[in-house]
Amino acid sequence: GLGSGLVWNLSNACQLLAMSAYSVPYGVAYPILQASLVVAGLLGIFLFREIRQPSAIAVFFASAATVVAGAVLLGVFGPSPAAEPSAAEPSAAEPSAA
């Protein structure tokens with residue numbers, strides 16, 4: 001209970017650190033954080049024996065491969081530069097000088 005919550009919050013803190021200190025875009029950092037579900041699933045299958053049906057384990061590994069592939073693709077190619085706001089465009093939060 002408490003240990004898993006501490007580890008989960010540590011991963012959130014590391015995500016914030018990566019986004020602020022290393023300028024990792026949110027579109028890359030969030031899917032990588034969601035890949036932590038793969039680690040939790042592996043612990044559930046092999047350490048805690050929560051899933052024992054071979055068909056359910058096969059579905060988990062197929063889903064885990066999709067999540068990891070998506071995180072790798074986002075890590076390699078990242079979000080489109082066109083999707084990031086530029087300095088020339090005023091944001092909705094800033095009042096206009098009109």
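In this predicted model, Phe61 is partly exposed, with a relative accessibility of 37%. The ring of Phe61 pairs with that of Phe46 in a tilted arrangement, with 6.3 Å from centre to centre and 50 degrees between the planes. The angle falls between the limits of 30 degrees for stacked and 60 degrees for edge-to-face pairs, and the pair is therefore classed as tilted. Phe46 belongs to helix H3 and Phe61 to helix H4 (residues 54-77), so the contact of the two rings ties together parts that are 15 residues apart in sequence. Phe60 joins Phe46 and Phe61 in one aromatic cluster.

Over the whole structure, the search returned 3 aromatic pairs. One of them is formed by Tyr26 and Tyr30, whose ring centres are 5.5 Å apart and whose planes meet at 25 degrees, so this pair is stacked. Both tyrosines lie in helix H2 (residues 26-34); because they are 4 residues apart there, about one helical turn separates them. Tyr30 has a relative accessible area of 37% and is therefore partly exposed, as this value lies between the cut-offs of 20% and 50%.

Tyr26 and Tyr30 are also contacts of Gln15, together with Ala29 and Leu33, when neighbours of Gln15 within four places in sequence are left aside. Gln15 is part of helix H1 (residues 2-21). The relative accessibility of Gln15 is 11%, so this residue counts as buried, the cut-off being under 20%.

Helix H1 also contains Ser11. At 22% relative accessibility, Ser11 is classed as partly exposed. Between Ser11 and Ser36 there are 8.6 Å in space, C-alpha to C-alpha, for a separation of 25 residues in sequence. Both serines appear in the lining of the largest pocket, alongside Ser4, Val7, Trp8, Val39, Ala40, Leu43, Gly44, Phe48 and Glu50. The space in this pocket amounts to about 250 Å³. At least two lining residues come from each of H1 and helix H3 (36-47), and H3 makes the greatest contribution, with 5 residues. By residue class, the lining of the largest pocket consists of 6 nonpolar, 4 polar and 1 charged. Among the nonpolar members are Val7, Trp8 and Phe48, whereas the charged residue is Glu50.

At the level of the chain, 4 helices and 0 strands were assigned. The order of elements from the N terminus is α-α-α-α. Of the 98 residues in the chain, 12% are buried, and Gln15 is one of the buried residues. The accessible surface of the chain is about 7400 Å², and carbon and sulfur atoms account for 71% of this area. Where contacts in the chain join residues at least 6 apart in sequence, 44% of them are between residues at least 24 apart.

Methods. Residues numbered from 1 in each chain as written. Predicted model: local features only at pLDDT ≥ 70, side-chain atom pairs only at ≥ 80, totals over all residues. Heavy atoms only, no water. Buried < 20%, exposed > 50% of the residue type's maximum accessible area, 1.4 Å probe, protein only. Contact = heavy atoms within 4.5 Å. Areas by Shrake-Rupley, 256 points an atom, 1.4 Å probe, with all protein chains shown as cover. 1 Å grid on protein atoms, 1.4 Å probe; cavity = no way out; pocket = protein on both sides within 12 Å on 5 of 7 lines; lining within 4 Å. Points joined across faces, edges and corners; volume = space filled by probe spheres on them. Phe/Tyr/Trp six-rings, centres within 6.5 Å; stacked < 30°, edge-to-face > 60°.
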